[in-house]
Amino acid sequence: MLNTLAIIILSLMGASLIYVLYRTIDGRPVERRIVFAYIGLAVMLPLMMKVTPPLPITTDVQKLYEHIVKLPPGSKVLCAFDFDPPSAPELQPMAVAFVKYAFKHDLKLIIMGLWPQGPQQANMALQEAFRDSLVAVKPHEEGIDWVNLGFQSGNEFVILSMGDGFKRMFPRDTRLIPYDSIPILKNVVNFSNIDFIMNFGAGYPGTREWVQIGVDRYKSDLGAGTTAVQATEVYPYLSSGQLVGLLGGMSGAAEFEKVLAEKGKASTFILAQMFGHATVMAFVIIGNVAFFVLGRKKKNPEGNN
Amino acid sequence: MRREVPVLITSIAGLVFAISYFIPHTPFGRAESIFGDWVSIVQAFAIWLGVLNLLKVSLEKIFRKSEGWPYSYLIIASLFGTLIVGFYSGFSGINATPQYTYSDTGTGFDWVYQNIYTALTSTMFSMLAFFVGSASYRAFRARNIQATLLLISGFLVMGGRVPLLDRISSIFTETPIFSNLANWIMNYPNSAGQRAILIGIALGIMSSSLRVILGIERSHVGGGN
Amino acid sequence: MFSVLKMKKYLGVFYLIALVVIYSTIAAQVPVDATAVVHPPAPVTGLTASDTDSDHGHSITVNWKPSTDDGGGANSVIGYRIMRSNSPEGPFDTVGIVPLGSKTFENSSSIEAGTTGFIPDDTNFYFRVDALTADPAVFSSSEGTGPVHSYGQWFNKGLYPVLWAVIIFTVLTVMFVSAAKKGKELYVRPLAGIEAVDDAIGRATEMGRPILYVFGLGTASDIATIASFTILSRVAKRVAEYQTSLIVPCYDPIVMAVAQDVVKTAYMDAGRPNDYKEDAVHFITNAQFAYVGAVNGIMLRELPATNIYMGKFFAESLMLAETGVVSGSIQIAGTDEIAQIPFFVVACDYTLIGEELFAASAYLGREPLLLGSLKAQDYAKAAVLVLALFGILAVNFAGDLGMAWLANFKELFKVID
Amino acid sequence: MELLGIWIGAILTLGIFSFLYKDNPVYKVTEAIFIGVSAGYYAIVYFFDSIYKKFWLGAVVAAEKDLMLYGGAVLGLLFLSRLYSKTSWIARWPLAFIVGATAGLYMMTYFVTNGMNQVASTISDVAQKSDLAGSSWAEVLGTYVILVGVVTGLIYFFFSKEHKGAFGAAAKVGIWFLMVTFGASFGYTVMSRMSLLIGRMDFLLGDWLRIIN
C-alpha cells in the first residue's frame, strides 16, 4: 500500500520536473522551498519502499573485508569511534556490522574514542549487536570480549601517548575499572600488542591522524570507515597502502553489510540515497540547461576556473 | 615578559615533539609522554573556558538587552540543565557499586544525549541536504572548462557510487560500468589530485610549524614580529 | 552330597571373580573410548629474542618459527604463550598470548618505572614460547633463549632521509625569510583571482553598488583569516580610491576588531580617512546559520556588485555563494577548506584554491615572512618533482643500466620508523 | 520515558526544519537550546573523562601519584584567566604550549605521512604496476594518471614562475586534475549530506511515526 503510493508520488515528481525545466528556461525559476520539497520527498518516500537495489562490491571494501577475515579468533582489535550523531547515519551501520562480525568470530574489541560522542555511539552499536540472534548464542562479557575505554581529550596526542602505553591515556574504562584489572587488557601495553585497528572517522581527529601516528609511526594495520566527505581526502592513503581498506559513506556501509552478510540499516537506506542523488543531479541539469539556453549572463567574464 | 615567555614555551614544546621523533631515547621519549598528558588536560580546560565564555557572553547580552537577548536565557537554562543532569549522572555513578560512568546507557545524561543532543545536532546538519539541492538548481553552473570538468566528475561519482547510472546501463550490459568508473576516478585521478594537495599542505604546515618553533611567527602570542 | 553344596559355594566365588574381571575390564575401556588424548604439539623452533630497535628501550622483540602443528600437521595449535623469566631456570611467567599463525611478539612496557609489567633497561631476561592446544593442560614449551636486555637507541634508524630533508628545508626557509626581510625582491606569479578584484571594484563603482567582503567562520588565529586580512587591506584601499562603499559582516568579534583597523589604515593610506565609516565592518553573530541568514539578507537588500569570500568556510559556503548568484554579483572566493572549494568553484567566477590564498596574500602584502616561506616551499616542491621523476627512471631502468643499487632509490622516501 | 524522549526529539527536529520555510522564533528557540545543550554536553564529557578520570584519579587520589599531571592542570587553569580582560594575557602561556606542541608534532607527521610516503608510493606504484603483467589495463593507466596528476598538480601550486609555455600547459593539466578531484569530493559531499537527511527522515518516519520499521 505505502509502497505503491510512494512509487506513484515519486513518478509524479519525476514528471513534474519537466515543468520545472520549462519554467526555468522560461526565466521563471521555481523558488527554493519547492526545491526543498523535492529533496525532502525524494529522500522520504523511498524509505517506505522495501527495496534493496543490487550493489557491486568496490575494491576498497573488498580489500578491507579480505584483511578482516584473515584475523584469527582471539585477535585484539582496537576500535576507534571518532564520530558524532550527525555522521551516525553513515558510520553507525558500519560500526554495527563490524561489531557483530567481531563477536561472531571471537575478535576481542578494545573500544575508544577521540571524539566525546564516540564511546556513546559505541554503546549503541554494542546494544544493537547483542540484539542479533547469532551474537546472542554465546554470552559476550564486558572486560573479556570487549571493553569500552571511553573518550580522552588531546586529539592526535592521545594516539601519540598510547604509543608509550594505552594506560597512559585510559587509566580506567568507562566503568571506572582500573586498566590493569581488566582481563582483555592483560598483556596489552601499546600498539605492539594490537592485531588490527578499525577506525570510524568523521573528520578531525580521525582517519588521517590514525594514519599519521598509528600506522606511519607505530606500524599498525589500519582499516577505516569514513563519512563520504572524509573519504576523498583519505583515498591517497589507500593507494599508498597506509590503509588496508576503506568504507566510504553510506554506499561503503551498504557494501560492507553485504560483504559481511549482515542485514543492516545502510542497505535499506541506499534506495533513498539513490533518489536523493538523482534529484540533485536533475536540478543541476535543469539549472545548466537553462543557463546555456538563456546564454551566459553578460556580466559573467571568463573565470579562471 | 608578556611576549618572550610564551615564545619560549612554544619553542620548547615544539622542539620536544620534533626532536623526540628522531631521538626516542630518554629524556626526549619521556618528555614527549609527559607533554602529551599535559596537552590532553589543557585541552579539557580550554573546553571549559569556551563554556564559561558562552555563559559570560549570554549574560552580557541579557544585561545589555542587545538584539535577541531573550534567547540567551534559553541558552543559559539548557546549558545548566545539561550540566546538572550530567553531574548528577556522573557522581551518582562514581558513588554507586559497581561504579558506572556518566554516559552509560540508562543514565539521565545518556537520555539527554540520545534524545535531545542527537536530534538537535543531526537535524542542524541534515538541513544541508536541502541547501545542496537548491544551490545545485540555482548556482552550480558549468561556467567554464574547470567548472564543467568538476561537474562531470561529480556526476559520475554521484551516479556511480550508488547503483543509479548502472540501472540505466544495465539495459545494455551486466557489468556495472559506472560503478567501476566512479571507483576508478576515486582511486586514480582523485588520488592524484589529493596527493598533489597533500604534498602541498605537508610543506605548508612544515614551514608554518618551523616559523612557530623558531619564534619568527608570533601571531598566536598576540603580537606581530 | 555335601560336595555339591561346596560346588555351589565355589561357583558363587567364581561368579564374583568373573563379575569383578568383566567390570574392571569395562571400566578400563571407558576412559579410552570417552576422550581422545591430545598429543602435545610440535614446539616452536628458531626462538630468538632481541632489543626492539629504534625505540626508547623497555621493549624486547621475540621471534620464532611457528609449530608444525599450526595450521598444518595435527593442526592442534590454537595459539602461543610467551613466557619470561629473570633466570634461565625460571620461574617463567606469561607476558603475552598471541593467536595462531603469529611469528613475533613485542614485549614492551611503559617507560614509567613502577607501572605493571615494567621492563627495566639493561636487565637480563630469558624467554620461552609455549605452543598451546585446546586443552590448557597440554602444551609444549620451546627451548629457552637469552639472556637479552632492552636499551634505548639514540637515533631512530631509517629516519635519516627525513632528518636531511628537515634540515635542508629549515635552512631554505630561514634563508629566504631573512632575504625577504632585507627587502630582496622575491617574484610571486600574479593570480587571476586577485587580478579580477580590481576590475570587480571598478565595475562596482560604475554600477554604484557596494562590495561585500566575507571572512567566513575563521578565528583571528587561522592562517586563512590572517591571509584574508592582507587581501582585505588591498580591497579597502582600492575601494577608498574609487570611492565605492564596502560591507564587511563579521562572525567573530576579534576578527571584526582587527578588520576594522585594517580597513581604517587602508583608507588612510588611500588619503581618504574621512570616507571611512565605523559601521562598514560590523559584528553579526557567532551562530553559523544565523550568520548566513543575515549575510544573505544583506546580499538581497544591498545587491552588492561583487562578493568576496576569503578565509575559512564550512557548510555555509554554498548557501552564501548561491544567494550571491541569485543577486547577480560577481563572486571571488578563496579558502583552504578543501571540502568547500568545489562549491565555490561551481558557484563563483574566481576561486583561490588552498595555497593560492596564502600566495595571494604574500603577493599583495609583500610580507617577508609569508614571501620567504612561500619561496622555500616552492623550492621544496621543485626538489620533490625532480627527485620523484629521477626516482621513477631509476626504479624502472636500474636493471637495464646494470645499476641495481639505483632500484632502491625510492627507499630514500619510504620512511621505516 | 523512552516515548517522551522520542517525542521531544521529533519536536526539536521539526523546530529546526522550520527554518527551511523561513527564519522564525521556533527555529531561534531550538537553536538556542542547541547551543546550550551542546556546550553543556562537552563540558560534562571533558570534565569526567579528562579532568576527573585522568587528572584527579591519576594525580590526587591514586596510590602512586603521577605528580607530572599537575603541570598540565596548572597550565589549564591559566587558560581561565581569559575570562577577565586584565589578566587575559596569561592565557597566552597555555595557548603557546598547545601551539608549540602541535607545531612540533605536525611538522614531522605531516611531512612524513603526507609528504615523503606519498612521493614514495607514487614512485613505487609506477615501478610495480606499470607493466600489464599481473595488473589490469585500468590499473596501469591509473598508475600513469596518478603520476601525471601529482606532477602537474604540484606544478600548478608552483608560484615562483609565471604560467607560460610548456610550464603553463602543465599547470593547466594540473588544474584539470584538481577539478576532477574536487568533482569527486563534490559528489561525495552531496552523498554525505543526503545520508544525514536520510538519518533524520528514518527517525521521524520510523521511531516517531512508526510508519516504517
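This short talk goes through two interfaces of the complex shown above, that of chain A with chain D and that of chain D with chain B.

Before we start, please keep in mind that we are looking at a predicted model. For chain A the average pLDDT is 91, and 97% of its residues score at least 70. There is one stretch of chain A that I would treat with care, namely residues 297–305, where the pLDDT is below 50, although this stretch has 31 contacts in the model beyond near neighbours in sequence.

Let me begin with chain A and chain D, where the contact draws on 62 residues from chain A and 46 residues from chain D. As for the area, about 4600 Å² is buried between these two chains, and carbon and sulfur atoms give 65% of that. On the side of chain A, the three residues that supply more than any other three are A:Arg33, A:Phe151 and A:Gln212, which together make up 11% of the area that chain A buries against chain D.

Turning to the polar side of this interface, we find 24 residue pairs in polar contact, counting pairs with both residues at pLDDT 80 or more. The number of salt bridges between chain A and chain D is one, and the side chains that form it are those of A:Lys265 and D:Asp202, with a distance of 3.1 Å from N to O. If we sort the residues of chain A that touch chain D by class, we get 30 nonpolar, 20 polar and twelve charged.

Now to the second interface, where 113 residues of chain D are in contact with 106 residues of chain B. These two chains bury about 10400 Å² between them, with 83% of it on carbon and sulfur atoms.

Which side chains meet in the salt bridge between chain D and chain B? They are those of D:Lys54 and B:Asp37, at 3.3 Å from N to O, and the count for this pair of chains is again one salt bridge. Polar contacts across the interface of chain D and chain B come to 14 residue pairs, once more with both residues at pLDDT 80 or more.

On the chain D side, the helices that each supply at least two residues are α1 (2–21), α2 (25–60), α3 (69–79), α4 (92–129), α5 (137–156) and α6 (165–208). Of the elements of chain D, α2(D) gives the most to this side, with 29 residues. By class, the chain D residues that touch chain B divide into 77 nonpolar, 25 polar and eleven charged.

How values were computed:
Residues are numbered from 1 along each chain as its sequence is written. Chains are lettered from A and ligands numbered from 1 in the order in which they are written. Side-chain values use heavy atoms; hydrogens and water are left out. Contact means heavy atoms within 4.5 Å. Buried area is the accessible area (1.4 Å probe) that two parts lose on being put together, summed over both. A salt bridge is a side-chain nitrogen of Lys or Arg within 4 Å of a carboxyl oxygen of Asp or Glu. A polar contact is a pair of N or O atoms within 3.5 Å; within protein, one must be able to donate a hydrogen and the other to accept it, and residues adjacent in sequence count only if both atoms are side-chain atoms. Ala, Val, Leu, Ile, Met, Phe, Trp, Tyr, Cys and Pro count as nonpolar, Asp, Glu, Lys and Arg as charged, and the others, Gly among them, as polar. pLDDT is the predictor's confidence in each residue, from 0 to 100. Helices (H or I, at least four residues) and strands (E, at least two) are DSSP runs, numbered from the N terminus.
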